[in-house]
Amino acid sequence: MISKFQKYLFFALLLVCVGMAAFLIRLRNRAQDQLAAQAVGAPAEMAETAASAQRTVTLYVPNDLDDSLTAVDKSLSLPEDRNAQARVILAALVEAYRAPDSTHPMNVASGIDDVYFLPVPQGKDARGDAGQVAVVDLSGALAAAQPSGIEPETLTLLSIMATLHANLPAVMQVHFLVDGQQRETLAGHADLTRTYLAGEETKVQGAGSRVEGR
Amino acid sequence: MRWIEVASALAFAVIAAEAQQAPPPVQQLPQGPAVPALPAPVGPPGVQPPRFLVVIDAAHGGSDIGARIESGVPEKDVTLGLAGRLRSTLRARGVDVVMTRTADVNPATVNRAETANHAQASACLTIHATATGSGVHLFTSSLTAAANDRFPPWATAQAAYVTQSMKLESEIDTALAHAAIPVTLGKASVAPMDAVACPEVAVELAPLVGGHVTSAKALTDVSYQKTVVDAVAAALEQWRSDWKP
């Protein structure tokens, strides 16, 4: 014989179980929505960008004929997040490569997969902020579309480094990956195993001036 | 038993005398893995002057074809052809030349650097070609110049030669300018340049784009290549006259 108290307890526990199940299902749906938004990525970023303020950025566009970088100002809507800012700025640079009258032609739709920032490694006795290392994850499509040669490959790297350093001055060093992996060269020549000094390797003297790759 | 003591003393005396005359025993060193021989030390000036020698590295080769040049010609063939012409021209001018490759093979970058370092060359050239740009692109290492170290790190051996490399680059730039070939100068990080312990310049040949003073020429144009090779050889001859070992 089941007592009345036990019946009430059973139904109360059943009610709690149903409530918890409903709560978990709701949590799962919310997590799925978040994952879906991250997977879409670009549209979400575009929406974020559209909501952000306009800012003038400087792109350093390479010229294959005279081995120079030309400063080009462009107004872009930049998101608040620095990683997203770097992606938007470099996406605009790759768009300049793709332009019909490009001086550094490259037929690539999507060039930058991601940009991460790390503090520059310092010794124990070092004082002050040494800036950041930008880890630029290039797409395999960009590496495949990159014309092979010391000059064109070096110009691509220099233009990315100069553009990052000009718009995000804390970036002092740049390391390149391709499809998230370390790679020996960009397209058979420029070394991607080392970390480049962004501030020193690109001394820019002004719009339209020659930038020595020194 | 007296005679036994006398015989023992005589035997010891004979053994001691032989030991004094015999050469000391030779200690056999264990045989380790084959180690490349170190370069011979350079003698003092006046005794045996070091010879002026140029190392030419034809980039790529074998399965590494490099860039695709006009009409699908692989870069590895252009670099080997150019390196061969430069070697012939330099030898005709009395300059000793060592090549890192003379056939369609791809020596490892470490072996290319080792060839240059063991030769103790006075100048090292890495030959490249590209379909992009115009004229000749000259590159030196992007390493920061450093003082000459007796035992420099292999990966940055070029650091001690950066200043000399830029002087050599300047000589080649001047010679190419005299030949009306457009030149661009730059710094680059390209294997095996950073590991080479001699004045090193990467010479990258591009097609000649027509301009005010130049007419368009394909990269594979023989007369264009000859003009470039003659100019580089003249620069190396000038480098030899300025060279101080």
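Let's start where two helices of chain A meet: the axes of helix H3 (residues 82-98) and H5(A) come within 10 Å and cross at roughly 135 degrees. Angles over 145 degrees would count as roughly antiparallel, and 65 to 115 as roughly perpendicular, so H3(A) and H5(A) end up oblique to each other. As for handedness, the crossing of H3(A) past H5(A) is right-handed. Keep in mind as you look around that this is a predicted model.

Which residues make up that meeting point? From H3(A) come A:Ala86, A:Ile89, A:Leu90 and A:Leu93, and they meet A:Ser159, A:Ile160, A:Thr163, A:Leu164 and A:Asn167 in H5(A). Sort the residues of this contact by character and you get 6 nonpolar, 3 polar and no charged.

Now turn to where the chains touch. Here 20 residues of chain A are in contact with 21 residues of chain B. Helix H5 (residues 150-167) of chain A supplies the largest share of chain A's side, with 4 residues. So what is the character of the residues on that side of chain A? They divide into 5 nonpolar, 6 polar and 9 charged. H5(A) therefore turns up in both places: it meets H3(A), and it contributes to the side of chain A that touches chain B.

Stepping back to chain A as a whole, its secondary structure comes to 6 helices and 6 strands. Follow the sequence along and the pattern reads α-α-β-β-α-β-β-α-α-β-β-α. Buried residues account for 32% of the 214 residues in chain A. If you take the chain A contacts between residues at least 6 apart in sequence, 68% of them join residues at least 24 apart.

Chain A is also split into domains: domain 1 covers 9-40 and domain 2 covers 49-201. Taken over C-alpha atoms, the centres of these two domains of chain A are separated by 43 Å.

For a single residue to look at, try A:Tyr8, which lies in helix H1 (residues 4-40) of chain A. Is A:Tyr8 buried or exposed? A:Tyr8 has 10 C-beta neighbours inside 10 Å, and the cut-off for exposed is 12 or fewer, so A:Tyr8 counts as exposed. Compare its position with that of A:Glu95: the two are 87 residues apart in sequence, and their C-alpha atoms are 68 Å apart in space.

A few backbone details deserve a visit too. In chain A, go to the loop between strand E1 (54-63) and strand E2 (68-77), where you'll find A:Asp67. A:Asp67 has a positive phi of about 55 degrees although it is not a glycine. A:Asp67 counts as buried because it has 26 C-beta neighbours inside 10 Å, and 20 or more is what that takes.

Chain B has a residue of this kind as well. B:His60 is not a glycine, yet its phi is positive, near 65 degrees. Look for B:His60 in the loop between strand E1 (53-58) and helix H2 (75-92) of chain B. With 25 C-beta neighbours inside 10 Å, B:His60 counts as buried.

Last stop, further along chain B: the peptide bond from B:Ala191 to B:Pro192 is cis, with omega near 0 degrees. B:Pro192 has its place in the loop between strand E5 (183-188) and strand E6 (200-205) of chain B.

Notes: Residues are numbered from 1 along each chain as its sequence is written. Chains are lettered from A and ligands numbered from 1 in the order in which they are written. This is a predicted model: local features need pLDDT of at least 70, side-chain atom pairs count only at pLDDT 80 or more; totals for chains, interfaces and linings use all residues. Two residues are in contact if their C-beta atoms, placed from the backbone, lie within 7 Å. Ala, Val, Leu, Ile, Met, Phe, Trp, Tyr, Cys and Pro count as nonpolar, Asp, Glu, Lys and Arg as charged, and the others, Gly among them, as polar. Domain bounds come from an automatic or database domain assignment. Axes are lines fitted to C-alpha atoms, for helices over the stretch in contact, and angles run from 0 to 180 degrees between N-to-C directions. Angles under 35 degrees count as roughly parallel, over 145 as roughly antiparallel, 65 to 115 as roughly perpendicular and the rest as oblique. A crossing is left-handed if the near helix is turned anticlockwise from the far one by less than a right angle, and right-handed if clockwise.
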